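Reader: I would be grateful for a close look at a single part of this structure, with each technical term explained as it appears.

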Amino acid sequence: MLIKPDVFPGYMRTGHEALHVPDYLHAVLDQVEQTTGYSVQLREQPALHHDSETRFFREGMTSHEVRHRPAYSDYALHFLLNGAWKILRFWQMPPEERLVPVTEVGRQLPDDLHRELADKLADRPQELVTQISRFLYQGIVTQLISMPGDIRVEQELAREFPKHRGEQDTYLRRQIKDLEAHFTPEISQFAPARLYAASSAMHLVLTQEASAIVGVEPPGYVRASPHLPLACALRRHLSAVEESGYRGDRIVTERWAEELGMERWFEWVKLWPS
């Protein structure tokens with residue numbers, strides 16, 4: 001059901017107060033249903049690995065979904081606008097260009113990186129090394145196929161929705177704070193060097209761009225990182241792409257993949273196979 005009242009339906013759960021939806025967000029949600037034929041539902045999802053995610057309508061679903069972890073419920077309004085905007089951008093593409101990036105489930109790191117990981121974890125069971133290899137592969141690919149679009153969407157929201165800037169800035173400040181955990185020495189001790197450099201560089205770009213939107217100086221860990229030169233290269237690709245919308249997201253993603261040596265780590269497929 002399309003949202004018509006001032007309170008998002010079905011949001012009274014796990015102790016949260018009902019979510020007030022401002023007029024500008026109502027307009028975007030209306031546009032999503034008019035454009036795609038499906039509404040947007042907001043759901044809490046405790047098992048998410050990230051603070052939020054957007055799932056486009058597909059077979060077996062009754063609507064688009066924006067999911068978030070309960071710990072981030074204070075930012076639900078921002079997640080809702082962010083997700084709805086991503087849906088609109090995707091549906092603005094011609095049907096033949098509505099492609100999503102996917103990778104093989106259960107795939108582990110390429111041989112050279114897997115061997116480096118095994119050497120670092122030589123005292124651990126091989127089964128555990130394989131599990132970690134798969135976890136690292138999925139994690140880095142998720143970063144690569146999501147961060148360029150995430151950054152570009154945040155930039156667009158900052159330009160298009162001045163009334164939303166308070167909600168956006170509050171969320172981005174939290175994100176900047178959360179990102180610091182990705183630069184702890186414990187992570188670098190077992191991750192293959194090239195993999196850690198790629199992950200750190202992408203996180204650095206996200207931190208820099210979030211800081212720029214909020215209007216604050218990036219945290220000290222950005223300037224101190226040995227991976228800042230690689231981050232600067234990724235950031236140049238980000239600013240060099242003039243193509244707007246989802247098509248531009250794809251171009252940036254492919255350029256990042258080439259810069260990081262990860263061109264064959266994912267592929268683009270139709271959301272609805274013929």
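Author: **Strand β3 and its surroundings**

In strand β3, the residues H64, V66 and H68 point one way, E65 and R67 point the other way, and all are buried. Here buried means under 20% relative accessible area, exposed means over 50%, and partly exposed lies in between, with a 1.4 Å probe and protein chains only. Strands (E, at least two residues) and helices (H or I, at least four) are DSSP runs, numbered from the N terminus. In a regular strand the side chains alternate between the two faces of the sheet.

The model is predicted: local features need pLDDT of at least 70, side-chain atom pairs count only at pLDDT 80 or more, and totals for chains, interfaces and linings use all residues. Residues are numbered from 1 along each chain as its sequence is written, and side-chain values use heavy atoms, with hydrogens and water left out.

Because five of the five residues of β3 (residues 64-68) are buried, this strand is largely enclosed by the rest of the structure.

The neighbouring strands come next. Two strands pair if DSSP finds at least two bridges between them. Three strands form an open sheet in the order β1-β3-β2, and the pairing is mixed. The edge strands are β1 and β2, each of which pairs on one side only. From one strand to the next, the twist averages 15°.

On one side of the pairing, β1 (residues 40-44) joins β3 in the parallel sense over five bridges; V66 in β3 is the bridge partner of L42. The pairing of β2 (residues 52-55) with β3 is antiparallel and has four bridges, and here E65 in β3 is the bridge partner of R55.

A helix also belongs to this picture. Helix α2 (residues 76-91) lies across β1, β2 and β3, and runs at about 145° to β3. Such an angle runs from 0 to 180 degrees between N-to-C directions, and the axes are lines fitted to C-alpha atoms, for helices over the stretch in contact. Contact means heavy atoms within 4.5 Å.

To draw the parts together: β3 stands between β1 and β2 in the order of the sheet, helix α2 lies across the three strands β1, β2 and β3, and H64, E65, V66, R67 and H68 are all buried.
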